[in-house]
Amino acid sequence: MALKNKTVQTDTWLEIYTDDSDFESFSVAKLIAEDDDYYLLANVTPGGNSDGFYLLKHTNVNGWQTETNYIKKIKKLYSLKQQEHLKYDGDKDNLFLGLLEFAKQKRLIVSIVMLDSDVYAVQGFVKESDEAFLKITNIDTFGNEDGETILRVEEITAIACDDENGSDLKLLHSNK
């Protein structure tokens, strides 16, 4: 369900629906960019706080809404709390590799969602990435390094970067 060539443009705030069994469950985000396979979203919590970036496959999106009263509320809270996301300066032609390189350069925690799951399978720092594989230095829930994981790119459905959980893990890791 691509947004390209539609009325929705980048920097548009959206309610994104990804659970086809629960249409009351959604995320609010600002669309940063879109390529042939992915959306790059700047997520915002229900309390109006910045919640990092989320890379989501087009095929995982069941629908979206724009300009709802709920979005207006979240935007207002975001503004009143003077929230900002990091400026994304990664590749916008290949969002997958662009976000991974961005995370690697900025030393941000990424959380990976794999096929047939809606939970984070792996969390940590990007060590290496290419079109086929991703190598992560794992960070456990206490902020400790815990080995490495190599993932096949084709099995990754979503990536969170610099979200609230990842920021907490990075803070714990940085203060050992």
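Begin by selecting E155 in this predicted model: the residue is partly exposed, its relative accessible area being 29%. Now add R152, whose side chain meets that of E155 in a salt bridge with an N to O distance of 2.6 Å. R152 is also partly exposed, at a relative accessible area of 39%.

**Salt-bridge network**

From this pair, move to K127, E128, K135 and E148, which salt bridges with shared partners join into one network. Select E148 and K127 together to see one of its links, in which the closest N and O atoms are 2.5 Å apart. E148 belongs to strand β9 and K127 to strand β7, so this salt bridge ties together parts of the chain that lie 21 residues apart in sequence. Colouring by accessibility shows E148 as partly exposed, with 41% relative accessible area, and K127 as partly exposed at 36%.

Next, display the side chains of E128 and K135, where a further salt bridge spans 3.8 Å from N to O. E128 is partly exposed here, with a relative accessibility of 44%. To place these pairs in context, note that the structure holds 6 salt bridges.

**Strand β10 and its partners**

Now select residues 156-161, which form strand β10. How many of the residues of β10 are buried? The count is 6 of 6, so the strand is mostly covered, buried meaning under 20% relative accessible area.

Show the backbone of β4, residues 50-57, beside β10: the two strands run antiparallel and are joined by 4 bridges. For a point of reference in this pairing, pick F53, whose bridge partner in β10 is C161.

Then bring β6 into view; β6 pairs with β10 in the antiparallel sense as well, over 5 bridges. Which residue of β10 is the bridge partner of M114? Selecting the pair shows that the partner is I156.

**Two loop residues with positive phi**

Continue to D162, in the loop between β10 and α3. Although D162 is not a glycine, its phi is positive, at about 65 degrees. Most residues other than glycine have a negative phi. The residue is partly exposed, with 22% relative accessible area.

A second case is R107, found in the loop between α2 (95-106) and β6. R107 has a positive phi of about 55 degrees, and R107 is likewise not a glycine. Its relative accessible area of 41% makes R107 partly exposed.

**Helix α3**

Finally, select residues 164-174, helix α3, and highlight G166, L169 and H173, the buried residues of this helix. Why do these buried residues share one side of α3? They cover an arc of only 60 degrees around the axis, which puts them on the same side of the helix.

To see what lies against this side, display four strands: β6 (109-114), β7 (120-129), β8 (133-139) and β9 (145-152). The buried residues of α3 pack against each of them. Two of these strands have appeared earlier on the tour, since β9 holds E148 and β7 holds K127.

Rotate the view to the face of α3 turned away from the buried side, and select E164, L171 and S174. These residues are exposed, in contrast to G166, L169 and H173, which are buried.

How values were computed:
Residues are numbered from 1 along each chain as its sequence is written. This is a predicted model: local features need pLDDT of at least 70, side-chain atom pairs count only at pLDDT 80 or more; totals for chains, interfaces and linings use all residues. Side-chain values use heavy atoms; hydrogens and water are left out. Buried means under 20% relative accessible area, exposed over 50%, partly exposed in between (1.4 Å probe, protein chains only). The arc is that of the directions from the helix axis to the C-beta atoms. Contact means heavy atoms within 4.5 Å. Two strands pair if DSSP finds at least two bridges between them. A salt bridge is a side-chain nitrogen of Lys or Arg within 4 Å of a carboxyl oxygen of Asp or Glu.
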